[in-house]
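Here are my notes on the model, set out as numbered points for you to check against the coordinates. I begin with one helix pair and then move on to the sheet and to the relation between the chains.

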Protein chains: 2
Amino acid sequence: MPESLLNKRVDAIRRLARRGAIQALAKVVATTRAEDLAAAIGQLARNEQRLVFGQVRADTTAADLLVRIGDQDFLALTADLPVERLVRLFGEMEADDQTDLIELLPEDKREAVLARLHGEEREQMEELLGYPPDSAGGIMSPLAFRLREDITCRDAIAAVQEASDHELVYYVYVESESGQLVGVTSLRNLLTHPPSTRLSDIMTTDVIAVDAHTDQEEVARIAGRYDLLAVPVVDDQRRLLGIVTVDDVIDVIREEAAEDMLLMAGVGEEPSDSAAGNRLSNASRRLPWLLVTLLGGIVISEIIRQFSGVLAADLVLAGFIPMLTGMSGNVGIQSATLTVRNIALGRLDVGVGARLGGEAITGLLLGVVFSVLVGLYCMLRYGDVHTSLAVGIAITCNTTAAALMGMLVPLTLRRIGIDPAIATGPFVTTAMDGVGVTVYLGIAAALLSL
Amino acid sequence: MPESLLNKRVDAIRRLARRGAIQALAKVVATTRAEDLAAAIGQLARNEQRLVFGQVRADTTAADLLVRIGDQDFLALTADLPVERLVRLFGEMEADDQTDLIELLPEDKREAVLARLHGEEREQMEELLGYPPDSAGGIMSPLAFRLREDITCRDAIAAVQEASDHELVYYVYVESESGQLVGVTSLRNLLTHPPSTRLSDIMTTDVIAVDAHTDQEEVARIAGRYDLLAVPVVDDQRRLLGIVTVDDVIDVIREEAAEDMLLMAGVGEEPSDSAAGNRLSNASRRLPWLLVTLLGGIVISEIIRQFSGVLAADLVLAGFIPMLTGMSGNVGIQSATLTVRNIALGRLDVGVGARLGGEAITGLLLGVVFSVLVGLYCMLRYGDVHTSLAVGIAITCNTTAAALMGMLVPLTLRRIGIDPAIATGPFVTTAMDGVGVTVYLGIAAALLSL
């Protein structure tokens with residue numbers, strides 16, 4: 001359903017939920033797809049969510065819905081469910097979704113659900129739980145459709161007709177006798193070759209596969225680069241463990257892009273996607289990174305204090321402090337954003353030195369342009385050579401330093417094993433404020449004492 | 001090929017290109033996939049790129065490569081190609097890729113290529129060129145696999161076996177006699193039903209489709225929400241025009257996420273992805289948004305000048321200016337980032353008022369916490385009630401205002417039809433610097449005159 005229609009539906013659902021018009025609500029819910037209900041849930045308050053979820057009758061729909069909503073919403077909606085219902089709902093989910101959700105449950109509930117799941121399902125889930133959640137193993141579905149290489153197209157089609165519970169029968173993975181992934185072909189290929197052809201004769205042997213411990217971001221990059229609908233996951237013996245399907249790849253790309261953006265701004269994790277999100281937790285998530293700004297600000301106030309003689313002698317200098325910090329802060333953020341992007345795209349694995357140099361030159365170019373502009377303004381406005389020179393020189397120094405620091409902070413974070421995006425914003429701007437003010441007032445002091 | 005292997009290959013290619021070891025280079029190029037060559041191209045200097053591209057012999061590989069590289073790199077590599085070769089290369093591409101690339105060519109070359117393409121291909125391309133490049137029509141492939149609803153599974157399979165040039169035969173779209181899209185089924189469904197079953201009996205009639213003018217971002221959201229491998233595109237008569245395949249959806253998601261991030265930081269468009277990118281153009285792309293900071297900074301310097309009496313009376317006040325602007329700038333960026341995210345996710349289409357209120361409360365909470373901390377520090381350090389009060393009160397006012405402004409700026413930009421992400425960073429930080437300084441010094445002036 002297009003966005004505009006969906007929004008009308010969400011509005012209708014919310015109005016009915018708010019009015020407590022249960023019967024009408026039940027009717028609307030019954031005619032709405034699980035995917036749309038999930039989108040609606042994200043825009044409702046907690047009690048409205050419960051009311052809507054209560055009207056979902058079919059277990060398949062309820063399961064589909066739970067798989068698609070935010071973690072906090074999932075926990076809230078399942079908090080009061082009897083374990084039997086929860087087990088039934090988990091039974092309707094695919095293995096990779098089961099794994100994602102069961103990890104969210106409180107331990108006693110998790111144990112209770114695991115204990116009641118069918119043997120095979122439990123084994124699968126326990127295997128998947130053994131992989132880090134953001135690795136290929138953690139997001140794969142174990143239900144890859146696989147056939148032996150000596151099978152004919154005729155038998156392969158028969159196998160496709162019998163297979164029922166596989167995520168996606170588009171790629172057909174081909175295994176050797178010893179169970180190694182040796183090839184891949186497509187359902188269509190099975191149809192366009194003579195029925196007696198063996199899979200080994202029509203398969204592509206150059207299969208792109210990833211190790212179970214590969215980071216999900218790399219899996220997504222590989223799927224994107226080779227336009228794959230699914231990426232096979234293998235163990236160190238190259239045995240097929242499962243597949244990461246393209247819908248999960250899309251989720252990863254969305255997640256990682258959002259993560260970088262939110263981390264950079266120092267907002268931390270993506271906040272609860274429902275309107276029911278807690279203000280206090282939203283504030284506390286943002287607080288630590290602002291503390292960086294605060295402590296930095298105190299240090300900077302001490303630095304400025306050291307220069308109070310200079311400021312007292314030329315009060316015009318104080319007026320340009322926000323421009324200088326704003327300028328270097330924004331240049332730093334620009335560089336940091338480009339760097340975080342380039343790291344995410346794997347572009348900074350080679351040739352870092354040249355890029356650092358390039359960034360410094362960009363900063364220098366920007367600095368020179370703005371130095372001239374501001375210096376001229378300052379000269380015309382105040383007719384004071386010292387102040388104009390101090391402002392101008394400081395801007396050139398600061399934008400160059402900011403461009404470099406914007407690149408070095410994320411690179412350094414990555415080098416020491418920290419996500420390069422984390423709070424790059426607050427770190428870079430605060431550090432640049434300190435450097436900027438010191439350079440500016442230092443130059444002014446030197447010029448004044450000349 | 002995993003990232004680490006790919007990087008080794010890129011390193012090898014670059015070393016050979018730099019040494020001009022043509023024969024060895026040709027060998028490596030011949031054994032590298034087009035996708036990997038494209039990734040390598042992105043990390044090479046312009047002359048190295050030309051050398052590598054020159055070694056690509058097969059037209060299919062060359063076409064695959066051109067489709068996958070950055071726009072600037074495409075233009076550079078095709079600048080010296082004879083029109084005949086260019087036509088051959090375009091002939092190897094899918095219609096949607098052809099359209100994307102032909103739009104990049106200079107007009108005379110574009111006309112020359114269009115004139116030499118086959119009639120059907122040219123018609124298709126001209127049709128696609130009629131849609132905005134970032135609409136469903138602009139990114140769709142016209143080659144959707146479609147069958148009439150009265151056809152049997154047996155005949156449908158025969159049709160699949162004969163179809164050769166369709167993007168993806170996974171979904172089978174079903175049309176009514178009058179050519180309207182009435183259903184969808186899968187290749188697998190054709191196989192699992194008796195051969196004489198008619199498509200109308202096995203198809204899903206509730207087909208999710210988009211209009212050709214739907215924005216690509218919405219197409220991507222729809223594909224993601226319903227886990228579709230392809231989204232059918234229809235005209236206003238609900239006739240099937242083409243499909244947007246999931247690989248294009250992935251490109252859109254990547255593009256849009258990057259766009260938001262880069263726009264917010266005021267970096268403009270994604271810069272050329274090759275190391276060959278021009279420094280001057282990189283600098284000039286970032287310059288206009290910094291001009292906002294510069295002009296804002298001049299205004300702020302005038303504001304501060306109005307308060308020079310207050311500053312002269314209490315020089316400690318000047319020291320806290322960077323902390324105040326840094327604090328409100330970062331809170332503003334946090335709010336703006338969350339807002340841009342929420343707009344992108346379609347979460348701000350309903351309930352904006354409540355979210356604005358929530359954001360203001362978050363800002364207030366943060367402000368109160370930091371006010372107390374900084375006020376106490378200021379009191380202990382300088383023992384001056386006036387300064388401590390001014391700093392404390394200003395922080396609370398400013399973070400609340402910053403939280404609100406961070407939300408209002410992108411919302412207002414969207415309301416007046418501008419991309420809400422555009423330079424939100426520089427706008428919000430500069431505006432907050434101005435507001436923050438005025439509030440701060442205004443409060444200080446009021447307190448001092450008490």
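1. In this predicted model, H16(A) and H20(A) are roughly antiparallel to each other, a description that follows because their axes cross at roughly 150° and angles over 145 degrees are counted in that class. The helices in question span residues 246-264 and residues 321-344 of chain A, and their axes come within 11 Å. The crossing of H16(A) and H20(A) is right-handed.

2. As to which residues make this contact, H16(A) contributes Glu256(A), Asp260(A) and Met264(A), while H20(A) contributes Ala336(A), Thr337(A), Val340(A) and Ala344(A). Sorted by class, the contact of H16(A) with H20(A) comprises 4 nonpolar residues, 1 polar residue and 2 charged residues.

3. Chain B has an open sheet of 3 strands, in the order S1-S2-S3 and with mixed pairing. Strand S1 (146-148) and strand S3 (181-186) of chain B each have a single partner strand and stand at the edges, so one side of each is left without a neighbour in the sheet. From one strand to the next, the twist averages 35°.

4. Within that sheet, the pairing of S2 (residues 171-175) of chain B with S3(B) is antiparallel and runs over 5 bridges. A reader who wishes to inspect the register can start from Tyr173(B), whose bridge partner in S3(B) is Val184(B).

5. Turning to the two chains, how many residues of chain B are in contact with chain A? There are 101 residues of chain B in contact with 101 residues of chain A. On the side of chain B that touches chain A, helix H17 (residues 279-306) of chain B gives the most, with 16 residues. By class, that side of chain B has 56 nonpolar, 27 polar and 18 charged residues.

6. How the copies are related deserves a separate point. Chain B is superposed on chain A by a rotation of 180° with 0.0 Å of shift along its axis, at an RMSD of 0.1 Å. The two copies are thus related as by a two-fold rotation axis.

7. Finally, the interface can be examined for whether the copies use the same surface or not: 100% of the interface residues of chain B are also interface residues in chain A, so the copies meet through the same surface.

Terms used: Residues numbered from 1 in each chain as written. Chains lettered and ligands numbered in written order. Predicted model: local features only at pLDDT ≥ 70, side-chain atom pairs only at ≥ 80, totals over all residues. Least-squares fit on C-alpha atoms with pLDDT ≥ 70 in both. Contact = placed C-beta atoms within 7 Å. Pairing = 2+ DSSP bridges. Helix = DSSP H or I, 4+ residues; strand = E, 2+ residues; numbered from the N terminus. Axes fitted to C-alpha atoms, helices over the stretch in contact; angles between N-to-C directions. Left-handed = near helix turned anticlockwise from the far one by under 90°. Nonpolar A, V, L, I, M, F, W, Y, C, P; charged D, E, K, R; others polar.
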